[in-house]
Amino acid sequence: MKLFPIAATMLLSAGLSASAATDKAVVTLNDSPFATDTIMPEIYGQFAEHLGTCIYGGLWVGPDSPIPNTDGYRNDVLDALRDLKVPVLRWPGGCFADEYHWMDGIGPKENRPRMVNNNWGGTVEDNSFGTHEFFNLCELLGCEPYLSGNVGSGTVEELARWVEYITAKDGPMAALRKQNGRQEPWKLKYLGVGNESWGCGGDMLAPYYADLFRRYSVYCRNFDGNRLYRIASGASDYDYSWTETLMKKIGHRMNAISLHYYTCRSWTGPKGYALDFTPDQYYWTIGKCLEIEDVVKRHAAIMDVYDPDRHVALLVDEWGTWWDEEPGTVKGHLYQQNTMRDAMVAALSLNVFHKFTNRVRMTNIAQIANVLQSMVLTRGDQMVLTPTYYVFRMYVPHQGARVIPCHISSKTMEADNERSASKRKFQTISATASEKDGMMTISLTNVDLENGCEVTVELGNTDRKHVTGQILTAKNISDYNDFGKTEMISPRAFSNARLSGNTLTVKMPAKSIITLTLK
């Protein structure tokens, strides 16, 4: 890792405290009558897979559990998620989706067959959490369901009947749903036609999958006023040819195409641990995280060729950090702790997504509980709110707000790039701004581990008179919240921001995330 300018390096080599240094940065808001794009609430979407203890123990304990619950759903988790105003929840996978047969998860629980979860640790799945449990959960949270359909090992008829079971008022599938206790159909907007069809979802080639999608889209019908938003299984990371093939062969038959991007070193090799990393590894993480901007740009540019009016959305429906499983946990359950480093990745990623609201209309962080970069961790009757959870809570005001473009000028850093000999370069300050109901929200992130930064925000023409704020930071970038201990990381009031006319001056500590509200 190399610091710019050189004076910062000389300060360190002189043995002086880098934390005493204060950098300067300028954020210029470019508000205008033409800035009308909305930050879709769905950009703050969540993802719940039958993986480890995400569902069982995380969201669902069953109505007979001694853990306080509402019809089987954990009360503590429900309350925490309601505070995030979760807009959409993706289920049942992930790789699990293409081995999941929905008929196994309906009817009396004692009659539901068991299966082995071959993708995730060989765990026995008892199917006690199925279609009714998922849709009821979405109703409790007030969010849209996003269903990932089984294309890899399923059939067109199977998925078509699932849609009918969920959304039809009458007919054989509706009669079965009513027999199982649900009289009125649910609403289903988001339907994913397969998941990672290039990999765990069937190891398909793009032209073959495109033909399959066209077939599935015919038979997954709209019933009784329900309108499906059909989502194609899109690319992983840098597979731009997959996106181009689907845009050529599917086109406007799909409403959206997905993209998966994880901040991790390798899909198959060691990834490093959530709690054990060096400063260089931290800065590598920041660079890898921010690379999603170039990845989104390149996929979006391909889509623009075939869809210049941007009718087809790009959904980043899996993203986040992926570290090696915590020592002592079940192999294949992907349980990892969540530090201030992960909070940085969350904030930086959301800031990037806000830039592409005309194409990126949903994202789903992986995952909601106990898996990868989760919102909550649970152990028995205990629950921990992660630093990532707090980022999402601090960013709630951005949901549904009009995005205000901004330009940032700050110190530059660089980190190793495992994909090329060149370095990844990035600014130490990241920012996003929005406006809704007369309130302006500005979120700032300082990724520098050592140096604070005085950020001057040029607001443009505005008559804001009052500013309040919250800050998320930690003594160490590897700090985290743990069971049975006082929280090390949680938002607190921030008062080091000053308004003077159309200029806002913010004195940011090192490794901090700040959200400011201007009225």
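Hi everyone. Let me begin with a cut-off: a disulfide here is a pair of cysteine sulfur atoms within 2.5 Å. Keep that in mind for C289, because its sulfur is 12 Å from the closest cysteine sulfur, the one in C264, and that is too far for a bond. C289 is also buried, with a relative accessible area of 1%. One reminder before I go on: this is a predicted model.

C220 is a similar story. What is the closest cysteine sulfur to that of C220? The one in C138, but it sits 18 Å away, so again there is no bond. As for surroundings, C220 is buried, at a relative accessible area of 0%.

So how many disulfides does the rule give? The count comes to one. The pair is C95 and C200, with the two sulfurs 2.2 Å apart. These cysteines come from distant parts of the chain, 105 residues apart. C95 is in the loop between β6 and β7, while C200 is in the loop between β10 and α6. For those of you who like torsions, the angle about the S-S bond is -90 degrees, which makes the link left-handed. The two ends sit in different classes of accessibility: C95 counts as buried because its relative accessibility is 11%, whereas C200, at 32%, is partly exposed.

Now to helix α3, residues 131–141. Why do I call α3 largely enclosed by the rest of the structure? Because eight of its eleven residues are buried. Among them are F134, F135, L137 and L141, and C138, which I mentioned a moment ago, is on that list too. The polar or charged names T131, H132 and E133 are buried as well. What do the buried residues of α3 pack against? The partners are three strands, β5, β6 and β9, together with three helices, α2, α4 and α5. Right after the helix comes G142, and its phi is positive, about 70 degrees.

My last stop is K411. You will find K411 in the loop between β18, which covers 406–409, and β19, which covers 412–415. Is this lysine buried or exposed? K411 counts as buried, because its relative accessibility is 8%, and the cut-off for buried is under 20%. What does the side chain of K411 make a polar contact with? With the side chain of D23, at 2.9 Å.

That's my tour, thanks for listening!

Terms used. Residues numbered from 1 in each chain as written. Predicted model: local features only at pLDDT ≥ 70, side-chain atom pairs only at ≥ 80, totals over all residues. Heavy atoms only, no water. Helix = DSSP H or I, 4+ residues; strand = E, 2+ residues; numbered from the N terminus. Buried < 20%, exposed > 50% of the residue type's maximum accessible area, 1.4 Å probe, protein only. Polar contact = N/O pair within 3.5 Å; in protein donor to acceptor, adjacent residues only side chain to side chain. Contact = heavy atoms within 4.5 Å.
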